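Biologist: Could you take a close look at the charged side chains and how they pair up, and then at the cysteines and the unusual backbone spots? I would love one connected walk-through.

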Amino acid sequence: MGEERFGEFVLVRRHGDGGHVAELVLDRPKAMNAVSTEMARSIAAACAALGEDREVRVVVVTSTHERAFCVGADLKERNSFSDAELVRQRPLARGAYTGVLELPTPTIAAVHGFALGGGFELALACDVIVADRTAVVGLPEVSVGVIPGGGGTQLLPRRVGAARAAELIFTARRVEAAEARELGLVDVLAEEGRDREEALAMAARIAGNSPVGLRAAKRALRLGQGLDLRAGLEVEDAAWRSVAFSGDRAEGVAAFNEKRKPQWPGE
């Protein structure tokens, strides 16, 4: 298992044979992983590197803090900004959230404790959210005079519908794990302390599948969101055509017929 650090606050670990599972670790424990300008830049840089690495099949986003996944933007830093500095910082902040959102591989968030504001938006940018029973999630931005600006107003209604998203964003309320699972704010509810373990186990299962197929399936899922059915099926057909003549498809069919584990060429 290899490790690579991106700045002071982000660590990438590689798991399994071939390092096909990458763990993107939020590692600013003294601030409960509050996203400063430097941390945002590091998240974006780590995501750019992972997106270009063809050996990576799945990314799992985790936290080193015992009581928090991420508490959102660093409001202490924000409080010191002039208006001009806030404007300059905005593209860097957006880069962290879009970096996770635009990863071409499946992504899983492993959430425990607080995942609030931008912290929950980092999780929402992932494809699947695994949370343990200590998780508390929410988008409280209107309570401090802003709005969810890391994708929350767009990603949350895609998960739970417009009215439910409006209620959660307008009230700024925090939602504990059991209700979060019931509402669809998280996808898998793990026992306390087992969110990372379960997310990595899911990632290992996903990583056994075709890397070409995984990227194409994610592309079809993402591009098809919000389209009518006919347009969505055209997106799906284009994704199918991109894999139909790949080495992975040939190997997958051969391995199935020969009753053996595939050795994916990844192309």
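Modeller: Happy to. A salt bridge here is a side-chain nitrogen of Lys or Arg within 4 Å of a carboxyl oxygen of Asp or Glu. By that rule, E3, R13, E23 and R196 are joined in a network of salt bridges. The structure is a predicted model, in which local features need pLDDT of at least 70 and side-chain atom pairs count only at pLDDT 80 or more, while totals for chains, interfaces and linings use all residues. Residues are numbered from 1 along each chain as its sequence is written, and side-chain values use heavy atoms, with hydrogens and water left out.

Side chains of opposite charge can pair when their charged atoms come close. The structure holds 17 salt bridges, and three pairs deserve a visit. Begin with R241 and D237, whose closest N and O atoms are 2.7 Å apart. These two residues are four apart in helix α10 (residues 229–244), so about one helical turn separates them. Helices are DSSP runs of H or I with at least four residues, strands are runs of E with at least two, and both are numbered from the N terminus. R241 has 52% relative accessibility and counts as exposed, whereas D237, at 30%, is partly exposed. Those words have fixed limits: buried means under 20% relative accessible area, exposed means over 50%, and partly exposed lies in between (1.4 Å probe, protein chains only).

Now move to helix α6 (residues 162–171), where R164 and E167 are three residues apart, so they too are separated by about one helical turn. Their side chains meet in a salt bridge of 3.5 Å, N to O. R164 is partly exposed at 36% relative accessibility, and E167 is also partly exposed, with 25%. The third pair is E197 with R194, where the closest N and O atoms are 3.2 Å apart. Here E197 has a relative accessible area of 45% and is partly exposed; R194 is partly exposed as well, at 34%.

One more charge has an aromatic partner. The charged end of R28 sits over the ring of F9, 5.0 Å from its centre. For this, NZ of Lys or CZ of Arg must be within 6 Å of the ring centre and within 35 degrees of the ring normal.

On to the cysteines. A disulfide is a covalent bond between the sulfur atoms of two cysteines. With a cut-off of 2.5 Å between the sulfur atoms, the structure holds zero disulfides. Why does C47 not bond with C126? The sulfur of C126 is the closest cysteine sulfur to that of C47, but the distance is 8.6 Å, too far for a bond. Both cysteines are tucked away from the probe: C47 is buried with a relative accessible area of 4%, and C126 is buried at 4%.

Last come the backbone spots. N33 has a positive phi of about 65 degrees although it is not a glycine. N33 lies in the loop between β3 (21–26) and α1 (37–52), and counts as buried, at 0% relative accessibility. K259, another residue that is not a glycine, has a positive phi of about 55 degrees. K259 is found in the segment after α11 (247–257), and with 76% relative accessibility K259 counts as exposed.
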